Structures are given as C-alpha cells and as structure tokens.
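Reader: I am new to reading structures, so could we go through this one slowly, with the reasoning spelled out at each step?

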Amino acid sequence: MIALEYGYEVLPGVAVDTPGVEDVLRRRERGLRWGVLALAAEAALMAVVLVAAGPGSATGVLTAVCLAPLVLVTAALTLLWRRARRRERLIMSTYGWQVWPVRTQDVRVVAGEGERAQGRRWGTDGRVVLLQPDGQSHCSFPLPSDGWDGPPQPRGQRPVDHVWFAGDTRFGGMVAEPGGLPFRHVVRSTPGKRRGTGAEDELARRAGLLPRGRSHGS
C-alpha cells in the first residue's frame with residue numbers, strides 16, 4: 001500500500017466501521033426499494049391495459065410503445081443504483097482509512113464543455129490533491145462534500161490539510177473528510193501507472209477496483 005510506503009497513517013479496521021458510515025450506506029441502499037416499486041408499478045400498469053384492451057388493439061399497442069421504454073429506463077437506473085451501492089459497501093468493507101496530506105485547488109479536467117485541446121474539451125474543477133512526502137501531487141479527486149446526501153455536518157473550521165481515503169489510489173475508492181463524513185466514491189479517469197504488488201492487486205480485486213484475473217499493467 002503506497003500510503004504505508006510514504007509513512008502515512010492507516011487507521012485500524014475497515015472504513016465501514018466508522019461511526020455514521022453504516023447508517024448512510026443503509027439509507028442509500030433502501031433507495032433501491034423505490035426503483036423496484038416503480039418498476040413493478042409500470043409493468044403492472046402495462047399488463048392491465050394490455051389485458052383490458054387486448055394486445056393487438058390500438059390502445060394496447062400505444063400503451064406498449066409508451067410504457068416499454070419507461071420500464072427499460074427504470075430498470076436500467078435501478079440496476080445502476082444497485083451497482084453503485086454495492087461498490088461503495090465493498091470498498092469500505094475491504095479497506096481501512098488512509099490519512100493523506102492534501103491541498104485543495106482547481107485542476108484541469110476533461111469536461112463536456114470548455115476549451116478544446118488535444119482532441120478533448122477541458123474545464124476546471126475543485127479537487128483535493130493527495131500529496132507525496134515531497135509535496136508533489138500523487139493524484140487528485142473531487143471534494144468529499146460534493147453531492148453529499150447524508151446528515152448535515154457541524155459548521156465551523158475543518159481541517160483542510162488532510163483527507164481520509166479508503167481504496168487504491170491507482171484506481172479510486174472512497175474519499176472523506178477527517179472523521180469519515182462526508183464521504184464519496186471517486187474513480188481515476190485513467191488508472192495510475194505505478195505497478196502494485198501482488199497483495200495490492202488482490203485487495204483491489206476483492207474491492208471490485210480491478211477485474212478478476214487481471215493484474216495492473218497487464
């Protein structure tokens with residue numbers, strides 16, 4: 001683990017054991033029920049109309065044409081939500097928090113809008129830059145509080161020189177403010193070039209960050 005190589009603190013246990021984290025994960029996972037209920041309601045409505053009007057009738061055909069795309073979209077969104085929640089829990093059940101020194105700054109990122117250069121559009125985004133012991137950038141991620149949907153956090157001065165990270169900085173993981181809340185899932189758009197050890201790769205596979213049967217660099 002690169003944090004240990006740098007001499008940074010790695011907290012005991014796994015991230016999911018941090019007070020407040022399990023509550024947020026469970027609340028997000030309960031949101032899956034609404035997707036399943038919506039999907040069931042849409043499918044039931046389509047079935048009722050088709051049975052009442054007849055599958056070959058104009059009403060039945062129109063109903064199928066209108067509702068089938070909605071059912072497919074709802075199913076796709078529900079599946080994506082389930083995968084996102086599973087990914088969060090898997091990472092936080094695999095890794096402990098690593099304490100990284102950071103600086104906060106605007107960095108140049110690939111964006112949908114902005115200046116075009118080298119075949120891509122570029123914009124700026126507020127990031128926490130994880131630092132190496134010499135103060136150089138190791139990698140950068142979005143701010144932990146961006147998009148936070150958990151309980152409101154106390155106002156006041158917070159540490160801005162450290163973040164907690166659970167995962168593998170070559171790929172991504174969960175980044176949090178000191179204390180564990182707020183937290184968010186982050187992914188590197190391009191995996192880091194550093195080749196990890198066999199133990200690092202196996203841990204990344206267990207967390208779903210690296211596909212099974214592959215090693216980083218292969």
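Reader: Is W97 buried or exposed?
Author: In this predicted model, W97 has a relative accessible area of 3%. The cut-off for a buried residue is under 20%, so W97 counts as buried.

Reader: Which kind of ring pair do W97 and W164 form?
Author: W164, at a relative accessible area of 17%, is buried, and the centres of the W97 and W164 rings lie 5.9 Å apart. The pair links distant parts of the chain, with W97 in the loop between α3 and β1 and W164 in strand β4. Because the planes of the two rings stand at 45°, the pair is tilted.

Reader: Where is R170, and is its place buried or exposed?
Author: R170 is in the loop between β4 and β5. Its side chain makes a polar contact of 2.7 Å with the side chain of D168, and another of 2.9 Å with the side chain of D201. Because its relative accessible area is 1%, and the cut-off is under 20%, R170 is buried.

Reader: On which side or sides of α4 do its buried residues lie?
Author: The buried residues of helix α4 are E200, D201, A204 and R205. They cover an arc of only 140° around the axis, so they lie on the same side of α4.

Reader: Which residues are exposed on the other side of α4, and what helps to cover the buried ones?
Author: Among what covers the buried residues of α4 are α1 and β4. On the other side of the helix, the exposed residues are G198 and A199.

Definitions and conventions:
Residues numbered from 1 in each chain as written. Predicted model: local features only at pLDDT ≥ 70, side-chain atom pairs only at ≥ 80, totals over all residues. Heavy atoms only, no water. Helix = DSSP H or I, 4+ residues; strand = E, 2+ residues; numbered from the N terminus. Buried < 20%, exposed > 50% of the residue type's maximum accessible area, 1.4 Å probe, protein only. Polar contact = N/O pair within 3.5 Å; in protein donor to acceptor, adjacent residues only side chain to side chain. Arc of directions from axis to C-beta. Contact = heavy atoms within 4.5 Å. Phe/Tyr/Trp six-rings, centres within 6.5 Å; stacked < 30°, edge-to-face > 60°.
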